[in-house]
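Student: I am new to this structure and would like a close look at a single part of it, the nonpolar core and what surrounds it. Please take me through it in one connected answer.

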Amino acid sequence: MVSMGQSDRAAIEAILAGDKEAYGALVVRHSATLFRMAYRVTGNAADADDVVQDAFLRAYVKLASFESRSEFGTWIYRIGVRCALDKVSARRAIDDAVRIGEETDAEEAVLQVADAAPGPERLALSAEIGAMQEMALRGLSPLERTAFVLRHHEERTTEEIAAALEIAPNAAKQAVFRAVKKVRQRLEGFRMTQKRAARGEVQRVTV
């Protein structure tokens, strides 16, 4: 049995030698990192849990082909990114219509919070910005969203993003660029909507 303090390489050697329980050490060691990334890409905890489970299952099946020259953490992270992208793509394919309705409701909720806020409340403003950013991310393609999260939340390099998404570095760079442009445009649209709503609220109060 492999103890938790032993290296990933030792755990893998033990697993390939027949100690299946040793895989638990790898799961415990790397699941938090995968969940953080998956949550940011998918946008919810349930999907993130599915991504983590799927990633470790895929890795276990392919463990015999793992090249010991690389780090297991890097390898499982790339598998996790692909699983997260697959999850977002599948979700996008089946509920686009529902997503549009949810975005409309969410935009209205954000405006209601802004109208009800008693002055420059920092906490409310932070929550509002977070809600708007999530709505902006929902408007991206699965590839763009994943690339955006890896670059601006996970702070991965262009080369790392390209490797994780299995695309050329230039394609990864372009995906991040498109994502940033779309997010900025959508956030600006939300701000303009809020400004118009705020002006309307002022008019109703002063009449």
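Tutor: The secondary structure of the chain consists of nine helices and zero strands. Read from the N terminus, the order of elements is α-α-α-α-α-α-α-α-α. The model is a predicted one. The chain has 207 residues, and 34% of them count as buried. Among contacts with a separation of 6 or more, 65% are between residues 24 or more positions apart.

Now to the core itself. The largest nonpolar core has 49 residues, and Leu34, Met37 and Phe72 are those with the most contacts inside it. At least two residues of this core come from each of H1, H2, helix H3 (45-61), helix H4 (72-94), helix H6 (122-138), helix H7 (142-152), helix H8 (158-165) and helix H9 (169-206). H4 gives the most, with ten residues. In soluble globular proteins, nonpolar side chains tend to be buried together.

Leu34 is a good place to start. Apart from its neighbours within four places in sequence, Leu34 is in contact with Val52, Ala55, Phe56, Ile76, Tyr77 and Gly80. The last of these, Gly80, lies in helix H4. Gly80 has a relative accessible area of 1% and is therefore buried, the cut-off being under 20%. Along the chain Gly80 and Leu34 are 46 residues apart, yet their C-alpha atoms are separated by 6.3 Å. Seen from the side of Gly80, and again leaving aside neighbours within four places in sequence, the contacts are Leu34, Met37, Val51 and Ala55. Ala55 thus appears among the contacts of Leu34 and among those of Gly80. Met37, a contact of Gly80, is also one of the residues with the most contacts inside the core.

Tyr77, another contact of Leu34, has a charged group over its ring: Arg156 lies over the face of Tyr77, at 3.9 Å from the ring centre.

Phe56, also in contact with Leu34, leads to the aromatic residues. Phe56 forms one aromatic cluster with Tyr23 and Tyr60. Over the whole structure, a search finds six aromatic pairs. One of them joins Tyr23 and Tyr60, edge-to-face, with 5.0 Å centre to centre and 70 degrees between the planes. Tyr23 is in helix H2 and Tyr60 in helix H3, so this pair ties together parts that lie 37 residues apart in sequence. What is the relative accessibility of Tyr23? The value is 9%, so Tyr23 counts as buried. Tyr60, with a relative accessible area of 32%, is partly exposed. A further pair is made by Phe66 and Trp75: their ring centres are 4.9 Å apart and their planes are at 45 degrees, so the pair is tilted. Both Phe66 and Trp75 are buried.

Tyr23 also takes part in a contact between two helices. The axes of helix H1 (residues 8-16) and helix H2 (residues 23-42) come within 8 Å and cross at roughly 145 degrees. H1 contributes Asp8, Ala11, Ile12 and Ile15 to the contact, and H2 contributes Tyr23, Leu26, Arg29 and His30. Sorted by class, there are five nonpolar residues, one polar and two charged.

How values were computed:
Residues are numbered from 1 along each chain as its sequence is written. This is a predicted model: local features need pLDDT of at least 70, side-chain atom pairs count only at pLDDT 80 or more; totals for chains, interfaces and linings use all residues. Side-chain values use heavy atoms; hydrogens and water are left out. Axes are lines fitted to C-alpha atoms, for helices over the stretch in contact, and angles run from 0 to 180 degrees between N-to-C directions. Helices (H or I, at least four residues) and strands (E, at least two) are DSSP runs, numbered from the N terminus. Contact means heavy atoms within 4.5 Å. Ala, Val, Leu, Ile, Met, Phe, Trp, Tyr, Cys and Pro count as nonpolar, Asp, Glu, Lys and Arg as charged, and the others, Gly among them, as polar. A nonpolar core is a set of buried Ala, Val, Leu, Ile, Met, Phe, Trp, Tyr and Cys residues joined through side-chain atoms within 4.5 Å. Buried means under 20% relative accessible area, exposed over 50%, partly exposed in between (1.4 Å probe, protein chains only). Rings of Phe, Tyr and Trp (its six-membered ring) pair if their centres lie within 6.5 Å; planes under 30 degrees apart count as stacked, over 60 as edge-to-face and the rest as tilted. A charge sits over a ring if NZ of Lys or CZ of Arg is within 6 Å of the ring centre and within 35 degrees of the ring normal.
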